[in-house]
Amino acid sequence: MLTSYAMPTYNIGEYIMSKFEKLLSEIKMLSSDVRFEELKKVLESYGYVGKPPKSGSSHWTFRKKGKNRITLPYKVPMKIAYIRLVKDIVESEEKEKNND
């Protein structure tokens, strides 16, 4: 479930896009400008719980009951492979939402 709170909006032609929707769009386009904090925000909005790394690691683990875990490095730049993992989750969550 997405959190509902006031978000800034961007006017793109006739369509007004929130900052969160713009972020989802960047993920779907596999933009290499997406940062760890933004991916974390998206995963948490879909109910994933992030666990910071233990000593000696730079990878966060995100879990959601009934779903596969996802591990993301906390580094810049974020590799496209990790963005693709989050993209797959976003598309899966949107598909589930539309089927309900």
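This is a guided tour of a predicted model, moving from the whole chain to its sheet, its helices and one of its pockets.

**The whole chain**

Begin with the complete chain coloured by secondary structure, where you will find 3 helices and 5 strands. Following the ribbon along the sequence, you should meet these elements in the pattern β-β-α-α-β-β-β-α. If you then colour by burial, the buried residues make up 29% of the 100 residues in the protein chain. Among contacts between residues at least 6 apart in sequence, 40% join residues at least 24 apart, and a contact of that kind will come up again at V86.

**The sheet**

Next select strands β3, β4 and β5, which form an open sheet in the order β3-β4-β5, with antiparallel pairing. The edge strands are β3 and β5, each of which pairs on one side only, and the twist from one strand to the next averages 25 degrees. As background to what the viewer may draw here, strands of a sheet pair through backbone hydrogen bonds, either parallel or antiparallel.

Keep β3 (residues 49–51) and β4 (residues 59–63) on screen, since 3 bridges join these two antiparallel strands. Showing side chains helps to fix the register: V49 stands opposite R63 in β4, and K51 stands opposite T61 in β4.

Now move to the other side of β4, where this strand and β5 (residues 70–73) pair in the antiparallel sense over 4 bridges. Here W60 is the residue to select in β4, as W60 stands opposite L72 in β5. Following the backbone from β4 into β5 takes you round a hairpin with 6 residues between the two strands, and G66 in that turn has a positive phi of about 85 degrees.

**Helix α3 and V86**

Add helix α3 (residues 80–99) to the selection; α3 lies across β4 and β5, running at about 145 degrees to β5. Within helix α3, centre the view on V86. Is V86 buried or exposed? V86 counts as buried because its relative accessible area is 0%, under the 20% cut-off.

To see what surrounds V86, display I27, L39, V42, L43, I70 and L72, which V86 touches when residues up to four places away in sequence are not counted. A distance label between the C-alpha atoms of V86 and K28 should read 8.8 Å, although these two residues are 58 residues apart along the chain.

**Helix α2 and K41**

Two of the residues touched by V86, L39 and V42, lead into the next stop. Select helix α2 (residues 36–45), in which F36, E38, L39, V42, L43 and S45 are buried. The elements that cover these buried residues include α1 (19–28), β4, β5 and α3, so it is useful to turn them on one after another. For a contrast within helix α2, select K41. K41 is partly exposed because its relative accessible area is 35%, a value in between the cut-offs of 20% and 50%. The C-alpha atoms of K41 and F20 are 9.2 Å apart in space, with their positions 21 residues apart in sequence numbering. Leaving α2 along the chain, you reach G47, whose phi is positive, near 95 degrees.

**The second largest pocket**

For the last stop, select Y48, K67, N68, R69, I70, L85, D88, I89, S92 and E93, which line the second largest pocket. About 150 Å³ of space lies in this pocket. Which element gives the largest share of the lining? That element is helix α3, which contributes 5 residues. Colouring the lining by residue type should show 4 nonpolar, 2 polar and 4 charged residues. I70 appears here as a lining residue, and I70 is also one of the residues that V86 touches, which makes I70 a convenient point from which to turn back to the earlier view of helix α3.

Notes: Residues are numbered from 1 along each chain as its sequence is written. This is a predicted model: local features need pLDDT of at least 70, side-chain atom pairs count only at pLDDT 80 or more; totals for chains, interfaces and linings use all residues. Side-chain values use heavy atoms; hydrogens and water are left out. Two strands pair if DSSP finds at least two bridges between them. On a 1 Å grid over the protein atoms alone, a cavity is a set of points where a 1.4 Å probe fits but cannot get out, and a pocket is an open set with protein on both sides within 12 Å along at least five of seven lines; lining residues have an atom within 4 Å of a point. Grid points are joined across faces, edges and corners, and a volume is the space filled by probe spheres set on the points. Ala, Val, Leu, Ile, Met, Phe, Trp, Tyr, Cys and Pro count as nonpolar, Asp, Glu, Lys and Arg as charged, and the others, Gly among them, as polar. Axes are lines fitted to C-alpha atoms, for helices over the stretch in contact, and angles run from 0 to 180 degrees between N-to-C directions. Contact means heavy atoms within 4.5 Å. Buried means under 20% relative accessible area, exposed over 50%, partly exposed in between (1.4 Å probe, protein chains only).
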